[in-house]
Amino acid sequence: MALQYPLASPSAACSPSTFTNLDLFGAEVLSLTAQTVSNFTRSVPRVYTFHHPTLSVENASFCNVTVSYTHPGQDDLIRVETWLPVDNWNERLQAVGGGGWVAGRSPLSEMAMTAALSEGYASVTTDAGLGGSEEPIYWALLSPGNAIIAKSLIKSFYGKGPKYSYWSGCSQGGRQGLMLAQRYPNAYDGIVASAPAINWAEIITSAYWPQFLMNQLGHYPHPCEFTYLTQAAIDACDLLDGVADGVISDPDACHFDPFTVVGNTIQCSEGEDVVLTTAAAVIANATWSGPRASDGRSLWYGLGYGADFTGGQFKAGVAVTECDNDTCSGVPSPLTTQWIQLFIEKKKSFDLEKITHEDLDRIYHAAISEYNSMLGTNDPDISAFRNAGGKLLTFHGLEDQIIPPKGTERYYRSVASRLPDVDDFYRHFEIPGLGHCFGGNNATPTTSFDMLRAWVENGTKPETVPVSFRDASGQEFSRPLCPFPQKARFEHGDPTKASSFSCRS
Ligand SMILES: [Ca+2]
């Protein structure tokens, strides 16, 4: 996509002496490196860029400024990496978020920065104190520091600050984006936050639920049992939205009963036959309906029908199992086990396999009471962000295999009930078929960042967001995403064309 901007060039050299007047309130700069990177050539597939199309850079040059700083007395070490285009700065800043435990400065954030660079943005990422170490610690305390640093570096390098500043992130990066809107409303003009991990304590504790149940049952289903059940749910509910496209676009209408297929023989990809067990149906049902306390109380939302909770190629799911011949075992995500061991129990060797339902009740309660004020970035009062003129977009895949999309729906609803003019500054879009940030039908929007920019800079409100995907036969479908609570409803005509759909409640 060719973006038309007046392009700016640096007025100073890419060397540490250019950036000596960096001033960060409450922090002490420990080191600063500045190095020109030349002949930088790379392509980033659209599914990994979040909110952008596939983008490439060829022989690009940028000034890579890395700042390390500490908050005196806190014994932390935070690194902020900023890329400043040498030839074609579009006078804008795009900050990119992290994923998992990682605040940024990871392969994913590097891809996002490459995408930003290709369109002329200065970009910034921070490890927020994690420093690439195994110990998840200070990332939670993301401050507006990286925005302040990036803006200051930009001013030193180009002789003027950015006209507009944006945030783009998914998952942890989505959580960071909403946290910035809630706590630092003046840091960014526009924020696009997808699959945001805002209800951190609930989400990450709940991610243990299927593994807990498997331990209780003493039975670990074969992954292909789960894959079969997911497909069976999709087959049962695909047509409820009026279109046979392999996607459940109306999940609230879906009530698939996995016990109806217990006993079916499944051909696993390795060629062996497996009979679908009652245990697999129990686990699937519980994963879809969400975790419950020992007294039966619902604790949090479940995943959508169609979510691949075996986690796909990266095994990033909540019901991952591995089988060696006929013996299968549970493989809980390190996210949830580290969370419970280090943050809740504060004991690295805490044995999660043996916990009782009462233990899980206690863990869940402790997670929320101890961490929600710090990590639960779900404060619906974003009036200060609105008053500053900020614009916010959130997206969530309905087949997210880690973070239940209902949590983001709940956040949007709570903002809307508090701030009746929500539509003027915040829009939420659900994406049928999409997994966690990518995966599933990979229907990631490719124009959402540009639409955010148009909303901020020209006042153009995003009415619908186009996406496309292919079904199992390779047939391509185009669709509009609709601002929540509307859904894309099939009207008439060719169901593969977006023009056959309209947005309605
Ligand atoms: Ca469908």
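# Asking how we know

Modeller: Both aspartate 241 and valine 247 are buried. This is a predicted model, and we can check its terms together.

Biologist: What makes aspartate 241 and valine 247 count as buried?

Modeller: Buried means under 20% relative accessible area, and both aspartate 241 and valine 247 are placed in that class.

Biologist: Which protein atoms are donors of the calcium ion, and how do you know that they qualify?

Modeller: The cut-off for calcium is 3.2 Å. The protein donors lie 2.3 to 2.6 Å from the ion, therefore they qualify. Asp238 gives an O and an OD, Asp241 appears with OD twice, Asp245 gives an OD, and Val243 and Val247 each give an O. Along the sequence, the spacing of the donor residues reads D-x2-D-x1-V-x1-D-x1-V.

Biologist: Let's turn to helices. Why is α9 called roughly perpendicular to α10?

Modeller: Helix α9 (residues 334-344) packs against helix α10 (residues 357-375) at an angle of about 80°, and the axes are 11 Å apart. Angles of 65 to 115 degrees count as roughly perpendicular, so α9 has that relation to α10.

Biologist: Which residues meet there, and how do they divide into nonpolar, polar and charged?

Modeller: From α9 come Trp339, Ile340, Phe343 and Ile344, and they meet Ile363, Ala366, Ala367, Glu370, Tyr371 and Leu375 of α10. The residues of this contact are nine nonpolar, no polar and one charged. Glu counts as charged, and Glu370 is among the contact residues in α10.

Biologist: What makes the relation between α6 and α8 roughly parallel or roughly antiparallel?

Modeller: The axes of helix α6 (residues 209-217) and helix α8 (residues 278-289) cross at roughly 150° and come within 9 Å. Angles over 145 degrees count as roughly antiparallel, which means that this is the term for α6 and α8. The crossing of α6 and α8 is right-handed. On the α6 side the contact uses Trp209, Pro210, Leu213, Met214 and Leu217, and on the α8 side Ala279, Val282, Ile283, Ala286 and Thr287. These residues divide into nine nonpolar, one polar and no charged.

Biologist: Why is α6 described as mostly covered?

Modeller: Seven of the nine residues of α6 are buried, namely Trp209, Pro210, Gln211, Phe212, Leu213, Met214 and Asn215. Their cover includes α5 (200-206), α7 (223-237), α8, β10 (321-324), β11 (327-330) and α10. After α6 comes glycine 218, with a positive phi near 65°.

Biologist: How do you know whether leucine 276 is buried or exposed?

Modeller: Leucine 276 has 2% relative accessibility, and the cut-off for buried is under 20%, so leucine 276 is buried. Leucine 276 sits in the loop between β9 (273-275) and α8. Leaving aside neighbours within four places in sequence, leucine 276 is in contact with Glu225, Tyr228, Leu229, Pro258, Val261, Val262, Gly263, Asn264 and Ile266. Glycine 263 is 13 residues apart from leucine 276 along the chain, and their C-alpha atoms are separated by 5.1 Å.

Biologist: And tyrosine 426, what makes it buried or exposed?

Modeller: Tyrosine 426 has a relative accessible area of 0%, which is under 20%, so the term is buried. Tyrosine 426 belongs to strand β13. Apart from neighbours within four places in sequence, tyrosine 426 is in contact with Ile382, Leu392, Thr394, Tyr411, Tyr412, Val415 and Trp455.

Biologist: What is the phi of glutamate 91, and is this residue buried or exposed?

Modeller: Glutamate 91 has a positive phi of about 70° although it is not a glycine. Glutamate 91 is in the loop between β3 (78-85) and β4 (92-96). Its relative accessible area of 6% is under 20%, so glutamate 91 is buried.

Biologist: Why is asparagine 442 called partly exposed?

Modeller: Partly exposed lies between the 20% and 50% limits, and asparagine 442 has 25% relative accessibility, so the term fits. Asparagine 442 is placed in the loop between β13 (426-431) and α13 (448-458), and its phi, near 55°, is positive in a residue other than glycine.

Biologist: Finally, what is the omega of the peptide bond from phenylalanine 484 to proline 485?

Modeller: Omega is near 10° there, and the bond is cis. Proline 485 lies in the loop between β15 (476-481) and β16 (487-490).

How values were computed:
Residues numbered from 1 in each chain as written. Predicted model: local features only at pLDDT ≥ 70, side-chain atom pairs only at ≥ 80, totals over all residues. Heavy atoms only, no water. Donors = N, O, S within 2.8 Å, 3.2 Å for Na, K, Ca; no water. Buried < 20%, exposed > 50% of the residue type's maximum accessible area, 1.4 Å probe, protein only. Axes fitted to C-alpha atoms, helices over the stretch in contact; angles between N-to-C directions. Helix = DSSP H or I, 4+ residues; strand = E, 2+ residues; numbered from the N terminus. Parallel < 35°, antiparallel > 145°, perpendicular 65-115°, else oblique. Contact = heavy atoms within 4.5 Å. Left-handed = near helix turned anticlockwise from the far one by under 90°.
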